[in-house]
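User: Please show me the model. I would like to go through it by question and answer.

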Amino acid sequence: MATAVAAPHEKLEIPGRQRLPPGPRAPAILQTLAWAVAPTWVMDRCARRLGETFTLTFAPSGLKLVMVSNPEAVKTVFTAPPEVAPSAAGSSPIAPVMGPSSVIVLTGPEHMRQRKLLLPPFHGERMREYEDVIVEATQRDMASWPLGRPMRVHERTRKITLEVILRAVFGVEAERMEALRTAIGGLLEPVRMPRLLLFALRRPSLQRPSGAIGKALDHLDAVIYEEIGRRREQEDLEQRKDILSLLLQARDEDGLQMTDGELRDELVTLLLAGHETTATAVAWAIERLVRHPDKLRRLLAEIDAGGEDDGYMQAVVNETLRVRPVVPMVVRMLLQELQVGPHNLPKGTRVVPSIYLTNRNPRVYEDPEAFRPERFSDSGPETFAWIPFGGGIRRCIGASFALLEMKLILRTVLSALEPSVPARGGRLWRTGEWNQRRAITLVPAAGARVVWHKRT
Ligand code: HEM
């Protein structure tokens with residue numbers, strides 16, 4: 001059984017005794033309401049009062065989440081074998097939309113099979129193929145950005161990243177693209193809305209959604225299946241570089257290819273997991289930079305120098321993902337007991353590496369709430385103390401893609417434009433926009449509002 005080192009202030013539990021770590025004294029209903037409205041406030045408060053490990057209880061289900069944020073404990077959970085601590089993403093609100101064969105939903109050997117099939121398009125050299133797509137999509141959208149008056153950056157980065165993921169995944173010519181864009185747009189509106197969460201709370205299963213989401217999903221599926229069918233017929237498949245063409249040619253260890261159903265689920269997964277997240281991360285980067293003029297100036301100087309060195313850009317991206325992680329936590333379900341630090345957690349526990357708290361652990365980071373890219377100037381982040389992309393065998397498949405995309409969007413935008421904090425509403429957001437929950441992500445509450453000025 002894997003173990004983790006206890007934090008200095010935590011008492012070691014006697015082996016064999018299985019008690020969950022302490023939690024807030026507030027009744028479960030209050031914990032639930034506070035969590036729904038202000039998850040980062042809840043996590044900050046609990047960490048201050050209870051330390052690196054605590055248990056939240058939700059009403060009316062009685063569901064308990066054991067949150068951990070000690071890097072050693074996080075390592076224990078992330079490196080536990082899938083038969084001990086598989087992902088609990090199958091019961092997340094997005095699972096019914098992504099489908100039963102989605103790599104995010106599957107666990108065990110089936111998960112590994114899909115993951116291995118999906119990984120090659122996201123490997124190092126392949127990334128180069130996507131560079132022009134990212135720069136072009138950014139420049140095209142920037143052409144309509146207003147100057148001298150407030151703009152919500154998040155709305156625009158969402159458009160850019162949707163365009164990028166559609167082109168990377170399908171590589172399709174313009175008129176097919178429109179059908180896909182409309183179909184995914186139709187799905188995203190209801191998915192963003194609280195309706196999906198309500199649906200998931202009512203029926204936490206893999207059953208396909210009905211109503212507006214169901215209809216939008218039917219339409220998207222029809223367009224995707226048609227595209228898969230057309231692509232299977234195509235004779236130049238081997239020359240094509242897009243992800244769908246690569247997946248159509250992929251074979252598993254037994255030489256089997258992916259079925260249409262599997263392809264559909266992975267494509268929808270990549271479309272959904274691959275664009276809102278990155279769009280939000282870029283919006284947070286601008287939101288942080290605009291409130292730290294010295295950091296912004298240093299980044300602009302590096303961009304203007306135009307050399308190969310993008311060390312400060314990398315540091316800005318790492319620091320943004322540390323201090324404003326888009327996905328605040330990941331959930332693992334214990335199928336066997338697991339010793340996590342001083343706690344012997346029983347089978348059935350939902351153990352949650354808190355990305356938000358781990359990334360701000362004061363034992364690792366000095367002044368953890370401060371936006372200070374310089375902390376990553378000399379060395380990259382530590383594997384289990386910087387976990388915006390999760391970890392272990394479930395670590396985000398698109399991490400390199402997302403990092404590349406963040407850097408290229410920021411470079412393209414900041415080469416031409418410089419942001420300032422809008423005068424109106426500026427007082428409210430003087431120190432920053434707060435974290436607002438949107439489905440499973442945390443987004444800047446005002447959409448990363450800035451005023452753009454042309455750079456000379
Ligand atoms: C800044 C942007 C992104 C963030 C913050 C992010 C974050 C995450 C996190 C936290 C997980 C769960 C990891 C775990 O359970 O340990 C994950 C999984 C995943 N992400 Fe991302 N992601 C981003 C961008 C992307 C992109 C661009 C793609 C694809 C194009 C992508 C595809 C996936 C997939 C397929 C999984 C499931 C991996 C598995 O279960 O094996 N993500 N991501």
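**A buried ring and the iron site**

Analyst: Trp452 is buried (under 20% relative accessible area, 1.4 Å probe, protein chains only), with a relative accessible area of 0%. This is a predicted model: local features need pLDDT of at least 70, side-chain atom pairs count only at pLDDT 80 or more, and totals for chains, interfaces and linings use all residues. Residues are numbered from 1 along each chain as its sequence is written, and side-chain values use heavy atoms, without hydrogens and water.

User: Which residue forms an aromatic pair with Trp452?

Analyst: Rings of Phe, Tyr and Trp (its six-membered ring) pair if their centres lie within 6.5 Å; planes under 30 degrees apart are stacked, over 60 edge-to-face, the rest tilted. The search finds six aromatic pairs. In one of them, Trp452 has a tilted partner at 5.4 Å centre to centre, with 35° between the planes: Trp145.

User: Is Trp145 buried or exposed?

Analyst: The relative accessibility of Trp145 is 7%. The cut-off for buried is under 20%, so Trp145 counts as buried.

User: Which residue is the only protein donor of the iron atom of the ligand?

Analyst: Donors are N, O and S atoms within 2.8 Å of the metal (3.2 Å for Na, K and Ca); water is not among the atoms, so sites may look incomplete. Here the only protein donor is an SG atom at 2.2 Å. That atom belongs to Cys396.

User: How far from the ring centre of Tyr365 does Arg322 lie?

Analyst: A charge sits over a ring if NZ of Lys or CZ of Arg is within 6 Å of the ring centre and within 35 degrees of the ring normal. Arg322 lies over the face of Tyr365. The distance from the ring centre is 4.8 Å.

Notes: Buried < 20%, exposed > 50% of the residue type's maximum accessible area, 1.4 Å probe, protein only.
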